[in-house]
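A student stops in front of a new model and wants a close look at its empty spaces.

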Amino acid sequence: MPDAIVPDPPSTPVALIAPEVAEALAVGAPVVALESTLISHGLPRPDNLEVAARIEIAVRAAGAVPATIAVVDGIARIGLDHEALDVIASSDEVAKVSARDLAVVAARKGHGATTVAATAHLAALAGIKVFATGGIGGVHRDAASSWDESADLQTLGRTGITVVCAGVKSILDVGATLERLETIGVAVVGYGTDRFPGFYRPDSGHPIDWRVDTPEEVAGIMAARTALATDRSALVVANPVAEDDALPAAMHDRVLAEGLALAEKVGVRGKDVTPFLLAHFHQATAGASLVVNVDLVLANASLAGHIAVAHAAGA
Ligand code: PSU
Ligand code: MN
């Protein structure tokens, strides 16, 4: 992608790559894309702004350039300055934007926090190979009747990017999500584990076929994907939260059951479901789940940075 994408007929650009990110991409230096929905809709204010900054620092500490992605004043920005990050973290006018919503928000010059789907799409467009988030979206537990399956899955099925996450959120039907990932051709490897992580917990109860133990191993798989042309869908690197940082199992299971019952009772639907359940966890655990959420995102940002470095080095 050129550093700015201008629509035809020309007007103001609809997408812009920050200078530092553009320079890194131009010389093949490591870059890590970061999503913004977890900042605006997943974490409570005002700490979310500081957390967003710490996520970028974790990427830099690993030796890569962070590119947080969001739509600001109708422009899809690949890499945010402090002012733009502040808008996303603090404004009440920020929509949760999946890939299908990008053009609507751009055309009406609004603000949008990008989900995994929208972030992966824009990152791939810009030529970024590695992306870090907390947990990707998936199949909801009531999907058989609600049809609620995150658009993250569809997008990852057709977007060539490596996504580092702590599995999928335990609010989802993890088994069904793993089946869907297989169907749509998304490769899944466990980082230091052969169990699929469950976001707040290191083990969702489901095994995965492939385990890797180093960033270089992931970079090797990325190179082989390109050579074999299986890099048109995503590679998920599932990085479990450390047991010491995880939410205690009993607390997790109790709060999850309460949250699912409450969502049902209140009748939360559509894109409000995930933010509602995350907020319930934060409130019902008196902030303990928030600490876990921040820890796992920072760990994923760091690992993504190391993978981007290994990939750039041609490992
Ligand atoms: N990871 C987090 N917190 C979040 C999310 C991920 O630690 O809030 C967001 C991501 O942006 C993901 C979204 O794309 O949750 C999934 O929303 P839905 O289930 O409505 O597709
Ligand atoms: Mn949904």
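Visitor: How many cavities of 30 Å³ or more does the structure hold? Please take me through the empty space closely, then on to the helices.

Guide: Happy to! This is a predicted model, so local features need pLDDT of at least 70 and side-chain atom pairs count only at pLDDT 80 or more, while totals for chains, interfaces and linings use all residues. Residues are numbered from 1 along each chain as its sequence is written, chains are lettered from A and ligands numbered from 1 in the order written, and side-chain values use heavy atoms, leaving out hydrogens and water.

Your answer is one. On a 1 Å grid over the protein atoms alone, a cavity is a set of points where a 1.4 Å probe fits but cannot get out, while a pocket is an open set with protein on both sides within 12 Å along at least five of seven lines; lining residues have an atom within 4 Å of a point. The largest cavity holds about 30 Å³ of space, a volume being what probe spheres fill when set on the points, joined across faces, edges and corners. Look for Leu-34, Glu-35, Leu-38, Ile-55, Ala-132 and Val-297, which line the largest cavity. That lining splits into five nonpolar residues, no polar ones and one charged (Asp, Glu, Lys and Arg are charged; Ala, Val, Leu, Ile, Met, Phe, Trp, Tyr, Cys and Pro nonpolar; the others, Gly among them, polar).

Now for the open space. The largest pocket has a volume of about 590 Å³. You'll find 33 residues lining this pocket, and Lys-96, Thr-115, Ser-150, Lys-271 and Thr-274 lie nearest its centre. In the pocket lining, 15 residues are polar, nine are nonpolar and nine are charged. Helices α2 (37-42), α8 (151-156), α12 (273-284) and α13 (288-312) each give the pocket lining at least two residues. (Helices are DSSP runs of H or I with at least four residues, strands runs of E with at least two, numbered from the N terminus.)

On to the other helices. In α4 (residues 82-90), Ala-84, Leu-85, Ile-88 and Ala-89 are buried (under 20% relative accessible area; exposed is over 50%, partly exposed in between, with a 1.4 Å probe and protein chains only). These four sit on the same side of α4, because they cover an arc of only 130° around the axis, judged by the directions from the helix axis to the C-beta atoms. Turn to the other side of α4, and His-82 and Glu-83 are exposed. The buried residues of α4 pack against several elements, including α2, α3 (47-61) and β4 (65-72), with contact meaning heavy atoms within 4.5 Å.

Helix α6 (residues 116-126) is mostly covered, with eight of its 11 residues buried. Among them are Val-116, Thr-119 and Leu-122. Right after α6 comes Gly-127, with a positive phi near 90°.

Last stop: α11, residues 249-266. In α11, His-252, Val-255, Leu-256, Gly-259 and Ala-263 are buried. Their arc is only 110° around the axis, so they share the same side of α11. They pack against β12 (201-207) and α12, while Ala-250, Glu-264 and Lys-265 are exposed on the other side of α11. Ala-249 also belongs to α11; this alanine is partly exposed, with a relative accessible area of 35%. Following α11 is Gly-267, whose phi is positive, near 80°.
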